[in-house]
Amino acid sequence: MKYEFIPHIADIRMRIEGQELDELFQAGLKGMTHLLKEDFCRHVKGMPVSLPVHVHAVDVTCLLIDFLSMILSMTYTEKLMFCELDIQKVTENEIKCNIIGFPMVSLDEEIKAVTYHEADVNRMANGNWTSYVVFDI
Amino acid sequence: MKIYKSHIKKLTPYFWEIPKEFYNRMRVPARILASEELLDAIMEDRSLVQLVNVASLPGIRGASLVMPDVHEGYGFPIGGVAATEYPKGVISPGGIGYDINCGVRLLTSSENINDIKEDMEALSKELYKEIPSGLGKGGWLKLSANQIEEVLTEGAEWAVRNGYGEPEDLNFIESLGRLTMADPSKVSDMAKKRGADQLGTIGSGNHFVEVDYVSDIYDATIAKAFGLYKNQVVVLIHTGSRGLGHQVATDYIKKIMAIMADFGIEVPDRELACVPLDSDVGQDYFKAMCAAANFAWCNREIISWEVRKAWEIMFGPDSQLHLMYDVAHNIAKIEKHRINDHDQEVIVHRKGATRAFAAGNPELPLAYRQVGQPVIIPGSMGTSSYVLAGAQGSMEKTFGSCCHGAGRRLSRTAAKKQVNAPALKEKLRERSIFVEAGSFKGLAEEAPIAYKDVNTVVETVHNANVAVKVARLKPAAVIKG
């Protein structure tokens, strides 16, 4: 499971990779939280809070983007930053999980939105799942 | 798709065209407002491919357009204008952007920079104290459920009614700071929750509050009408609808993507998702977008109140700030334009483009009706900004639109690699530009080197008679989230 940031002229482009879909979604979550606050998940403080998330989508690319959008919205409304996923079910059209968050701190960067631009969840030659995610900053 | 210069036809020294024959899905030509030098720079990213994609939208009229500050976005290019047939043409949330009614306003003072030069550092700190960035913590104003409905309906009027603005400000805001089609019931609870503590906050990215002074006057008559004179201190505010607008766009792009196939619409990039304006979802989005635009105007009005508070602390109650103008640059409006010798109502999408109506337009306040709409073009924090006036060329060629800034030329990653932010802050300080920023990372990303030369961009729109130069502003203090 990994995430990396790749230059984009105005916004932030992230590439994520995971052996299975659950790892891909985990990579997306970790990368997004890292962007909001560098290394936040390495130095978490406070009591963890677990919240349920259930997302359906027409395809696996939409599922990834809608899932990250949902977590981004919950980050702002719940004032929590999410570091872990406890996945009960993940298919190409549905994810059901609990997300584990910690009290929000002052952010490095405000992400306006997770866009569908360039997103394309697919399998690489080595069998791993990958996609780009472009954040509107 | 690859676009080479040989595909682009020169119409005038400042207008270029990719004919609709270039790509079989294009319904209209794609036009570029740029000098040849800027065109070469524009061709380095994917802006023109995105412009061609916009030219394929159902119901598009005239031409898809980009301004000289254009850069690659997601779906639509940033710095793009598209007019679609009203009411059956499409509306696309991606053609407006996530930050609905991101915009800029300019406040004028009666202070001369030479008299208050020594106060600039203290003023920058006072402004930083008064204006929250809102990053993760929100602002000081927490709206109840009823209040947020009122803000979404009333826009800037809400701020004035509650003592956070001056009644005379309203006349100097695009659309008087209130879109009457707004319907708060079309805005999701999640969006309302995101916006509930964000009024009066600027956010991060390229948003700022900046104290400038007028360094040059190019058109004395128009400058006088706008209340501008040499060495006058002014304040620029650049921000939008914050998390509320971001959530409205997110919600409706998802909804529209799910149903656009029902209208037989296919798009080459999911971020171009669109539906006919006269469909139920099209109407719902438009009403929600209007509500978010109202939220943004209220936000800029309340930030002005915070600026005025800091100003009074520094310079006393007699030193007042007046609103010159407030203009949106991420919005869709129903406007009448002349296309192929016929006046037609169209849905004008402006994404990173400023409205720039020429003299005589009844939408302009009486004080500016003889000279044209003020067009405010912020540069980057170490360079100049400009005030222009909308001119006849914009009505004839760009659906009454102009550029909105300098336009990025470096990615955030590249800027961070090239810029030592503490050194930049010190260098600006040596030039008497005092910067207060939430983080050095944010400062590096927005360094002057990351942007095109604003002077070249402004010269282009001036020479094309889209907007005429009125005054140049130079920075003295910059506040960033």
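This is a short guided tour of a predicted model, stop by stop, with something to select at each one.

**Stop 1: a buried aspartate**

Select B:D212, which you will find in strand 8 of chain B, running over residues 208-217. This aspartate is buried and yet has no salt bridge. Where is the nearest side chain of opposite charge? That is B:R431, and the separation is 10 Å. With a salt bridge requiring nitrogen and oxygen within 4 Å, keep that 10 Å separation in view as you look around B:D212.

Now show the surroundings of B:D212. Setting aside neighbours within four places in sequence, its contacts include B:Q232, B:V233, B:V234 and B:L236. B:S385 is also in contact with B:D212, and so are B:L473, B:K474, B:P475 and B:A476.

**Stop 2: a positive patch**

Move on to B:R431, in the loop of chain B between helix 13 (421-430) and strand 18 (434-437). Is B:R431 buried or exposed? It counts as exposed, because its relative accessibility is 52% and the cut-off for exposed is over 50%.

Add B:K230, B:K427 and B:K474 to the selection: together with B:R431 they gather in a patch of positive charge on the surface. You have met B:K474 already, as one of the contacts of B:D212.

**Stop 3: salt bridges between the chains**

Over all chains, the salt bridges come to 42. One of them is formed by B:R270 and A:D59, whose closest N and O atoms are 3.4 Å apart. This pair crosses between chains: B:R270 is in the chain B loop between helix 9 (242-259) and strand 10 (275-276), while A:D59 is in the chain A loop between strand 3 (49-56) and helix 2 (60-78). B:R270 is partly exposed, at a relative accessible area of 27%, and A:D59 is partly exposed too, at 26%.

For another crossing, select A:K79 and B:D197. Their closest N and O atoms are 2.9 Å apart, and they form a salt bridge. Here the link runs from the loop between helix 2 and strand 4 (80-90) of chain A, where A:K79 lies, to the loop between helix 7 (189-195) and strand 8 of chain B, where B:D197 lies. A:K79 counts as partly exposed, with 30% relative accessibility, whereas B:D197 is buried, with a relative accessible area of 11%.

While you are here, pick B:K193, which lies in helix 7 of chain B. Which residues does B:K193 touch, not counting those up to four places away in sequence? They are A:T77 and A:E78. B:K193 is partly exposed, at 44% relative accessible area. Then measure across to B:A145: the two are 48 residues apart in sequence, and their C-alpha atoms are 8.7 Å apart in space.

**Stop 4: salt bridges within chain B**

Next, select B:E150 and B:R161. They form a salt bridge, with 3.2 Å between the closest N and O atoms. B:E150 is in helix 5 (residues 145-154) and B:R161 in helix 6 (residues 156-161) of chain B, so the pair ties together parts that are eleven residues apart in sequence. B:E150 is partly exposed, at a relative accessible area of 29%.

Then select B:R408, B:R412, B:K416, B:E445 and B:E446 as a group, and you will have a network of linked salt bridges.

**Stop 5: a phenylalanine in a loop**

Go back to the loop between helix 9 and strand 10 of chain B and choose B:F263. It counts as partly exposed, with 39% relative accessibility. Not counting residues up to four places away in sequence, B:F263 touches B:V275, B:P276 and B:S279. The C-alpha atoms of B:F263 and B:S279 are separated by 9.3 Å, and these residues are 16 apart along the chain.

**Stop 6: backbone details**

Show the backbone at B:Y86 and B:P87, where the peptide bond is cis, with omega about 5°. B:P87 is in the loop between strand 5 (76-85) and strand 6 (90-91) of chain B.

What is phi at B:N101? It is near 55°, a positive value in a residue that is not glycine. B:N101 lies in the loop between strand 6 and strand 7 (103-112) of chain B and counts as buried, at 0% relative accessibility.

Finish at B:F399, which also is not a glycine and has a positive phi of about 50°. Look for B:F399 in the loop between helix 11 (392-397) and strand 17 (401-402) of chain B; it counts as buried, at 8% relative accessibility.

Conventions
Residues are numbered from 1 along each chain as its sequence is written. Chains are lettered from A and ligands numbered from 1 in the order in which they are written. This is a predicted model: local features need pLDDT of at least 70, side-chain atom pairs count only at pLDDT 80 or more; totals for chains, interfaces and linings use all residues. Side-chain values use heavy atoms; hydrogens and water are left out. Helices (H or I, at least four residues) and strands (E, at least two) are DSSP runs, numbered from the N terminus. Buried means under 20% relative accessible area, exposed over 50%, partly exposed in between (1.4 Å probe, protein chains only). Lys and Arg count as positive and Asp and Glu as negative; His and the chain ends are not counted. Contact means heavy atoms within 4.5 Å. Patches are made of residues with over 30% relative accessible area and no salt bridge: like charges are joined within 9 Å, nonpolar side chains (Val, Leu, Ile, Met, Phe, Trp, Tyr) within 5 Å. Accessible areas come from the Shrake-Rupley method with a 1.4 Å probe; for residues, only the protein chains shown count as cover. The place of a charge is taken as NZ of Lys, CZ of Arg, CG of Asp or CD of Glu.
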